[in-house]
Amino acid sequence: MIRSALLLSLWVTLVSTGIVAVTGTAAGYLISRRRFPGRSLLEACLNLPLVLPPTVTGYYLIVVLGRRGLLGETLMDWTGFAVPFTWVACVVAAALMAFPLMLRSALVAFESIDPRQALAAASLGHGRLSTLFRVLIPLARKGLLAGVVLSFARALGEFGATLMLAGNIPGRTQTLPLAIYEAAQSGEDRQALIMAGVLTMVSVSVMLLA
């Protein structure tokens, strides 16, 4: 049980962190470079998973992606695939909960760059994409890396939203935090302690590596 839960947790965390790294960096860049009406409201909405209880976020995911959800029903009709109770649901929940951490890190990193850097790149003939990938991202790399590490740690420890959308199915959607919860609830304290220790070691190793 420990091995399957750990492998699933690592897979879900790696996939969700990759998604969040790309989307969070893109969102942070776009928001940092634009001033528009409703910017604060948009930021607040994107950061909601930080302040909402995870179970509430998970419920909203069910409303949107459930078999009879706003998008889930259409997806089911077109593809025959249902997101709930699959490893994809674990990824969606982990990515959504980790996204605000990546967004905030990216936003701070890009806003800390002197605007003259982008102007200098433009004067040398760089387009927006070239300036982004060759100038801005290298300058913001420390902040972006911090965001990736925080997102990885958050995704690895995700529990509430995952339980709501993916359930707790051993060998299928049971990540390590869910396995620890089940072991503790069933009185298997030794197994829960071992899994908690494994999760702690993985988390500490990631932080040290970064």
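Arg39 and Glu43 are joined by a salt bridge in which the closest N and O atoms are 3.1 Å apart, a salt bridge being a side-chain nitrogen of Lys or Arg within 4 Å of a carboxyl oxygen of Asp or Glu. This is a predicted model, in which local features need pLDDT of at least 70 and side-chain atom pairs count only at pLDDT 80 or more, while totals for chains, interfaces and linings use all residues. Residues are numbered from 1 along each chain as its sequence is written, and side-chain values use heavy atoms, with hydrogens and water left out. Three salt bridges are found in the structure.

**Salt bridges around Arg39**

- Arg39 and Glu43 are four residues apart in helix α2 (residues 39-46), and are therefore separated by about one helical turn; helices (H or I, at least four residues) and strands (E, at least two) are DSSP runs, numbered from the N terminus.
- Both partners are buried, Arg39 having a relative accessible area of 14% and Glu43 a relative accessibility of 18%, where buried means under 20% relative accessible area, exposed over 50% and partly exposed in between (1.4 Å probe, protein chains only).
- Arg39 also meets the side chain of Glu111 in a salt bridge, at 3.0 Å from N to O.
- Because Glu111 lies in helix α6 (residues 87-111) and Arg39 in helix α2, this pair ties together parts that are 72 residues apart in sequence.
- Glu111 itself is partly exposed, with a relative accessible area of 40%.

**The Arg154 salt bridge and the network**

- A salt bridge is also formed between Arg154 and Glu158, whose closest N and O atoms are 3.2 Å apart.
- Here Arg154 counts as partly exposed at 25% relative accessibility, whereas Glu158 counts as buried at 2%.
- Through salt bridges that share partners, Arg39, Glu43 and Glu111 are joined into one network.

**Aromatic pairs**

- The count of aromatic pairs comes to four, given that rings of Phe, Tyr and Trp (its six-membered ring) pair if their centres lie within 6.5 Å, with planes under 30 degrees apart counted as stacked, over 60 as edge-to-face and the rest as tilted.
- Among them is the tilted pair of Trp11 and Trp87, with 5.8 Å centre to centre and 55° between the planes.
- This pair links distant parts of the chain, since Trp11 is in helix α1 (residues 2-33) and Trp87 in helix α6, 76 residues apart.
- Trp11 is partly exposed at 45% relative accessibility, and Trp87 is partly exposed at 37%.
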